[in-house]
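Please look over the protein shown here. A short report accompanies it.

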Amino acid sequence: MIWNEEKECMSLEDMQELQLKRLQDVVTRAFNEVPYYHKRYSEAEVYPEDIETLDDIEKLPFTTKTDLRASYPFGLFAVDQKEIVEIHTSSGTTGKPTVSGYTKEDLDTWGEVMARGLTMMGVDENDIIQNTHGYGLFTGGFGVHYGGQKIGATVIPISTGQTLRQIELMKDFGTTMLIFTPSYGLHIAEELEEMNIKPSDLNLKVIGFGSESWTDEMRTSIENKFDVPAYNIYGLTEVMGPGVAMECSEQNGLHLYEDHFYPEIIDPKTLKHIPEGQSGELVLTTLTRVGMPIIRFRTHDVTSIKHGKCGCGRTLAKMSKITGRTDDMLKIKGVSVFPSQIEKALLSIQGVEPHYQIILTRPNNLDKIEVKVEASPDIFFDNIKELVGIKEKLAEAIHDEIGLRVTVNLVEPKTIDRVDSGKAVRVIDKREE
Amino acid sequence: MEYLKQLSIFIENKEGRIYNTLHILEDLKVNIRGLSMADTAEFGILRLIVADPVKVKEQLEERDYIAKLTEVIPVLIEDQPGGLNKILKILDDNNLNLEYLYAVALKNSDNAIVLLRLEEMDKGYKVLKENNAPIVDPEKIYSI
Ligand SMILES: [Zn+2]
């Protein structure tokens with residue numbers, strides 16, 4: 001079923017017409033009502049009437065997380081605070097968080113886009129959604145909550161944690177949809193295994209997951225453990241929250257609700273648009289948000305966008321799974337490389353633990369990549385030839401993934417530097433020294 | 001077939017790593033009966049003969065080492081010219097490929113024991129036995 005056939009199956013032409021109308025409207029409102037935009041646009045000498053086509057969006061300055069932080073707390077609101085009915089914040093690792101304000105209409109839009117996604121996953125009013133995303137200042141829990149209510153499903157707002165309780169409710173209430181982050185989902189699966197509860201003992205029919213980076217292997221593992229399909233949910237608090245884009249039954253990309261969120265893909269270095277289908281940084285503009293218009297927000301998420309009719313019948317833009325963060329992106333010999341690609345290559349070989357470190361050097365002005373991988377019992381043999389063979393196999397897998405030659409070195413377990421949080425230091429770039 | 005259990009340890013080819021490892025074993029009061037090191041520029045395999053390899057393996061794993069129990073064939077070599085060659089000729093005549101070998105000294109004896117690792121262990125063991133090579137009872141080596 002399709003929740004909003006008119007919008008989700010619109011022709012590209014009609015969609016672009018709607019987007020342009022809405023873009024002109026949001027830019028005008030932002031310029032008139034939000035001092036931040038008024039100042040930025042005046043400085044750049046670009047005005048609402050300069051937006052005559054969708055491509056004219058490139059004339060507008062970007063909005064960054066730093067800009068949002070500088071406007072703390074309510075500086076980006078386009079309406080009186082009394083019109084704002086809900087506030088969320090996204091955690092800031094440094095300094096103040098960024099605030100996201102919603103009017104009644106905004107919450108309605110949020111519920112609408114999430115309703116589309118839940119419908120896409122085959123969920124309706126007969127379903128019981130157990131929502132393990134956190135309810136609180138973070139947007140995690142609420143998107144699914146509003147969408148679930150909009151389609152008339154029964155929502156269990158349990159939040160994360162209390163895994164035994166989660167399992168008890170899954171059984172007692174006959175939960176049909178689980179919402180979780182991949183890591184928490186795998187934790188629930190472990191508990192189920194330990195309690196000897198099989199998927200067939202549950203009433204589960206579908207999983208929605210998000211709020212974390214993930215790999216295809218993780219999805220496969222989740223689908224195998226729960227024996228139901230699992231679909232990705234994408235979103236970010238600054239723009240709205242989860243529900244900006246969601247996966248359909250095809251599982252080969254996420255439909256982006258482009259009548260509400262206008263997507264651009266830019267080259268993070270030149271900041272210019274790149275051709276459709278190519279990978280770059282996602283930039284989002286809220287087309288309908290009333291309380292807090294966000295124009296050209298740099299997400300730092302790397303993806304690509306394609307148009308065309310999807311196997312599920314929708315024509316909405318399709319965004320590929322996020323492949324990395326521009327913050328993590330390395331330029332090596334002119335090629336964009338993400339640590340996640342190296343990790344993927346390593347995990348493609350049985351028995352390899354994802355404990356690695358990338359060391360970049362530039363001897364004789366040529367980039368050199370060394371990847372240190374911690375040895376594990378499964379890839380240790382009492383035979384030098386076989387160990388060298390493993391090294392070469394790993395280098396080959398990485399080459400297949402990134403297209404560059406690397407030197408792999410096996411190191412002893414737990415020798416790769418870890419920062420205080422216990423996370424490994426993934427990249428050491430010595431090229432600028 | 002009674003093989004001798006040897007302890008193979010993954011070790012980085014870095015200054016002090018062998019010393020540190022042997023130091024740990026000393027602290028654990030492990031008596032090393034035999035030792036060899038095979039290495040590349042970056043890493044290597046430290047092979048040890050100890051009295052209780054299963055226990056030492058666990059103790060090393062608790063200290064984040066990667067260790068494996070592997071099997072070798074201990075053969076007594078007489079202290080006379082060509083002692084080792086006689087054994088190697090048996091292997092060669094039967095197309096048995098040697099992965100590596102190293103020697104362990106025997107206390108109060110002029111003889112040595114050579115530890116053999118072959119590509120085909122079971123076949124090699126049989127051939128050595130058939131050719132009357134003096135295969136040593138592993139228990140005798142654990143208790144040297
Ligand atoms: Zn689709």
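The report covers a metal site, a pair of helices and one strand residue.

This is a predicted model, in which local features need pLDDT of at least 70, side-chain atom pairs count only at pLDDT 80 or more, and totals for chains, interfaces and linings use all residues. Residues are numbered from 1 along each chain as its sequence is written, chains are lettered from A and ligands numbered from 1 in the order in which they are written, and side-chain values use heavy atoms, with hydrogens and water left out.

**Zinc site**

The zinc ion has its protein donors (N, O and S atoms within 2.8 Å of the metal, or 3.2 Å for Na, K and Ca) at 2.1 to 2.3 Å.

| Donor residue | Donor atom and distance range |
|---|---|
| A:Cys248 | SG, 2.1 to 2.3 Å |
| A:His255 | NE2, 2.1 to 2.3 Å |
| A:Cys310 | SG, 2.1 to 2.3 Å |
| A:Cys312 | SG, 2.1 to 2.3 Å |

Their spacing in sequence is C-x6-H-x54-C-x1-C. A:Cys248 and A:His255 are both buried, that is, under 20% relative accessible area, where exposed is over 50% and partly exposed lies in between (1.4 Å probe, protein chains only).

**Residue A:Phe297**

A:Phe297 belongs to strand S12 (residues 297-303) of chain A; strands are DSSP runs of E, at least two residues, and helices runs of H or I, at least four, numbered from the N terminus. With a relative accessible area of 3%, A:Phe297 is buried. Its C-alpha atom is 14 Å from that of A:Lys272, 25 residues away along the chain.

**Helix pair**

In chain A, helix H7 (residues 163-174) packs against helix H8 (residues 182-194) at about 75 degrees, their axes 10 Å apart; axes are lines fitted to C-alpha atoms, for helices over the stretch in contact (heavy atoms within 4.5 Å), and angles run from 0 to 180 degrees between N-to-C directions.
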